[in-house]
Amino acid sequence: MYIGYAEYQKNVGRRIDKRAFLWLFAVLAAVCLLCCIAQVAGYQWSTVYRQNNDIEVVPFYSLPALEIRTVLTEADAANRRAVSLPLRDATNPLIVIDAGHGGVDGGCIGDNVLEKDVNLSIAMNIKEQLVERGYEVLMTREKDETISLEERVKLANENGATIYISIHQNFSDEKPNEVNGIETFYSTESEIDSKRLAQLMQQQLTDSTDARDRNILANENLYVIRETNMPACLVETGFLSNKEECGRLVSEDYQKQLAASIVSGVELYFHPKTMYLTFDDGPSEENTNAVLDALKERNIKATFFLVGENVEKHPEIAKRIVAEGHTIGIHCYNHDYETLYKNADAYVADFEKAKAVVYQVTGVEAKMFRFPGGSINSYNKKVYKEIAEKMTEKGYIYYDWNASLEDAVKTSTPEILLANAKESTLGRKKIVMLAHDVVYNTTCCIDALLDQFPEYQMLPLTEEVEPIQF
């Protein structure tokens, strides 16, 4: 009995040891599984949290001053832009002024001058002058502190800023004392008005200083102007590597001058002058279409004073002018000055014939007109007053011009036409610009012409616009 009982107890003990081992293994396996689940859940939660709160972990590398601006984080491709408020418009604008670099990132160094310090000084001057003019300004930094590129962009986007201007200084390793001047960058991936903003900054800065004009440049690697939701530009106000220019850039007076120029650019951005771009003598199949293509690309509306004979030759182009929202006026039916200005009745008869052709082709009953050669010229000196009186009595309005490409001359170049246009504006607030859409050189420079006047909004003439008359 005893031996049998002892054997029984031994067998029971073995069974208990096996059960205990199995339970212990099960507990350990469960704990491990729970730890894995918790780790995965924690990782997913933190990823979602970072995405929702726009938090990025970016490793810091020691970089040369000029390279730090173009570094792209790993999250750029997946998280292109921060969630933002709707942009404030020109009636209540919010302007972000970004003093580049700061804190541990000093930017470039020239003659013991740190870029971050010059940037901040100019930026604070801009803020002061803008606030004096009643603008609301948001600074990315107002002291020497480290602000990431992502934080700068997020600040602008989340506050619905209207425009973004980043202030920087330049540097050149090659022939440092020969390289100088101002250049402004914009991104073609951002708002279309970024280019106009850059043009205004560059124009006002170079017009008010004797600095070399290094032009505006498209750049897709500059994070703060590529990732902002509003029109943005980055201004390099000079080269710290150039000893002479560096000396100016640290001058308080020059910094205020640069700031005043940028403020002037901001004023013109929100309160542009007005230009009425007008084209005479068309339509022409090749040249008018080229002009229309350029205007369409920029969504600019102009005014076309048409010649009746040319409308009959190219009715589809006349229809396109109307279909794309441009204004139509009457120039004449036949561009023969001697016949046209023989007397007042001859002029009126020619006008009525041209008007009937334009109406038949386009459905537009034009009331605006332009005298061939202008309301006062060597062909109509004796009859222009009588013509003007008769036409006014009939309810028609004539428009001369106060600026011109002078493209009606036989010998010229696109470069000369652009210079003529620029010089003839004389800075006026209201411009009626004369051009001819039958002139090949005009079509060659039409893109440059449209880019040349960022300070002007280009509008079509209407009967409500007070006419420029000689």
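**Exercise 1. A salt bridge from α2**

Task: In this predicted model, determine which side chain meets K127 in a salt bridge, and classify both partners by accessibility.

Solution.
1. The partner of K127 is E142, and the N to O distance is 2.9 Å.
2. A salt bridge requires a Lys or Arg side-chain nitrogen within 4 Å of a carboxyl oxygen of Asp or Glu, so the pair qualifies.
3. Next, place the two residues in the chain. K127 lies in helix α2 (residues 115-132), and E142 lies in the loop between β4 (136-139) and α3 (149-158). The pair is 15 residues apart and links distant parts of the chain.
4. K127 has a relative accessible area of 23% and is therefore partly exposed. E142, at 45% relative accessibility, is also counted as partly exposed.

**Exercise 2. Two further salt bridges**

Task: State whether E227 and R226 are buried or exposed, then locate D345 and K390 and classify each by accessibility.

Solution.
1. The side chains of E227 and R226 form a salt bridge at 2.6 Å, N to O.
2. Both E227 and R226 are buried. The cut-off for that class is a relative accessible area under 20%.
3. D345 and K390 also meet through their side chains in a salt bridge, with an N to O distance of 2.6 Å.
4. D345 belongs to helix α12 (residues 344-362) and K390 to helix α13 (residues 384-393); the two are 45 residues apart, and the pair links distant parts of the chain.
5. D345 has 51% relative accessibility and so counts as exposed. K390 has 27% and so counts as partly exposed.
6. Elsewhere, K195, R298, D447 and D451 are joined into one network by salt bridges that share partners.
7. The search over the whole structure finds 19 salt bridges.

**Exercise 3. Packing of α2 against α7**

Task: Describe how α2 and α7 pack, giving the angle and the axis distance, and list the residues in contact.

Solution.
1. Two packed helices are described by the angle between their axes and the distance between the axes.
2. For α2 and helix α7 (residues 252-270), the angle is about 50 degrees and the axes are 8 Å apart.
3. The angle makes α2 oblique to α7.
4. The crossing of α2 past α7 is right-handed.
5. On the α2 side, the contact is made by V118, S121, I122, N125, I126, Q129 and L130. On the α7 side, it is made by Q255, K256, L258, A259, A260, I262, V263 and V266.
6. By class, the residues of this contact comprise 10 nonpolar, four polar and one charged.

**Exercise 4. Packing of α8 against α10**

Task: Decide how α8 is oriented relative to α10, and give the classes of the residues in their contact.

Solution.
1. Helix α8 (residues 285-298) packs on helix α10 (residues 315-323) at about 15 degrees, with an axis separation of 10 Å.
2. Angles under 35 degrees count as roughly parallel, and α8 and α10 are therefore roughly parallel to each other.
3. α8 passes α10 in a crossing that is left-handed.
4. E285, T288, N289, L292, D293 and K296 of α8 meet I317, R320 and I321 of α10.
5. The contact of α8 with α10 has three nonpolar, two polar and four charged residues.

**Exercise 5. The chain as a whole**

Task: How many helices and strands are there in the protein chain, and what percentage of residues is buried?

Solution.
1. The protein chain has 16 helices and 16 strands.
2. Of its 470 residues, 48% are buried.
3. Among contacts between residues at least 6 apart in sequence, 80% join residues at least 24 apart.

Notes: Residues are numbered from 1 along each chain as its sequence is written. This is a predicted model: local features need pLDDT of at least 70, side-chain atom pairs count only at pLDDT 80 or more; totals for chains, interfaces and linings use all residues. Side-chain values use heavy atoms; hydrogens and water are left out. Axes are lines fitted to C-alpha atoms, for helices over the stretch in contact, and angles run from 0 to 180 degrees between N-to-C directions. Helices (H or I, at least four residues) and strands (E, at least two) are DSSP runs, numbered from the N terminus. Angles under 35 degrees count as roughly parallel, over 145 as roughly antiparallel, 65 to 115 as roughly perpendicular and the rest as oblique. A crossing is left-handed if the near helix is turned anticlockwise from the far one by less than a right angle, and right-handed if clockwise. Contact means heavy atoms within 4.5 Å. Ala, Val, Leu, Ile, Met, Phe, Trp, Tyr, Cys and Pro count as nonpolar, Asp, Glu, Lys and Arg as charged, and the others, Gly among them, as polar. Buried means under 20% relative accessible area, exposed over 50%, partly exposed in between (1.4 Å probe, protein chains only).
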